[in-house]
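Colleague: I'm new to reading protein models and would love a close look at one small part. Could you walk me through it step by step?

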Amino acid sequence: VVVVDDEKMIRRIVERYLKRLGMRVVASLEDGDMLADSLASLEEPPTLVLLDIVMRRSNGVAVLEAIRKDPRWASLPIYAMTSNVERVAEYKRVGFSGLVGKPFDKSKLQSVVRHMTTGQADDAQLSGGFFVA
């Protein structure tokens, strides 16, 4: 898993939750402008990317659009992490795999991991086929 968030505390919390869920964090990045280089340097593609939307230097939507242009990452599961949950339609349109609303807890991340690995989600977590936790 790659975690991208400009808030160090959020990265640490997400990492801790993911480790408890048996997931391995291969990169923890403080800004989206670091994501393309980080993905290119990995020997294997990550299972999942959790990408913050509002960061100091970059915008998660713009970062996703740039990442999706590379065929290697066209189908990579990338979930938006944001408190702007009312913009679900935009996040779906630009190519996010799902949305994790902030603030979040272990159960939301567990739902993301389950959705990403099995494709399963509770009806309450699907909005027009788009995963929202």
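Which backbone nitrogen does a side-chain oxygen of Asn59 reach at the start of α3?

Modeller: Happy to help! Keep in mind that this is a predicted model. At the start of α3, the side-chain oxygen of Asn59 comes to within 2.7 Å of the backbone nitrogen of Val61. Now let's follow the helix itself. Helix α3 covers residues 60-68, and its buried residues are Gly60, Val61, Val63, Leu64, Ile67 and Arg68. Viewed down the axis of α3, these buried residues fall within an arc of 160°, so they line one face of the helix. A general rule is handy here: an α-helix has 3.6 residues a turn, so residues three or four places apart point the same way. You can try this on the numbers in the list: Val63 and Ile67, for instance, are both among the buried residues.

What does that face meet? The buried residues of α3 pack against two helices, α2 (35-41) and α4 (88-94), and against two strands, β3 (49-52) and β4 (78-82).

To practise, you can turn to another buried place, Asp5, which has a relative accessible area of 0%. Asp5 sits in the loop between β1 (2-4) and α1 (8-20). The side chain of Asp5 makes a polar contact with the side chain of Lys102, at 2.7 Å. Setting aside residues up to four places away in sequence, Asp5 touches several residues, including Asp52 and Met81.

Key: Residues numbered from 1 in each chain as written. Predicted model: local features only at pLDDT ≥ 70, side-chain atom pairs only at ≥ 80, totals over all residues. Heavy atoms only, no water. Buried < 20%, exposed > 50% of the residue type's maximum accessible area, 1.4 Å probe, protein only. Helix = DSSP H or I, 4+ residues; strand = E, 2+ residues; numbered from the N terminus. Arc of directions from axis to C-beta. Contact = heavy atoms within 4.5 Å. Polar contact = N/O pair within 3.5 Å; in protein donor to acceptor, adjacent residues only side chain to side chain.
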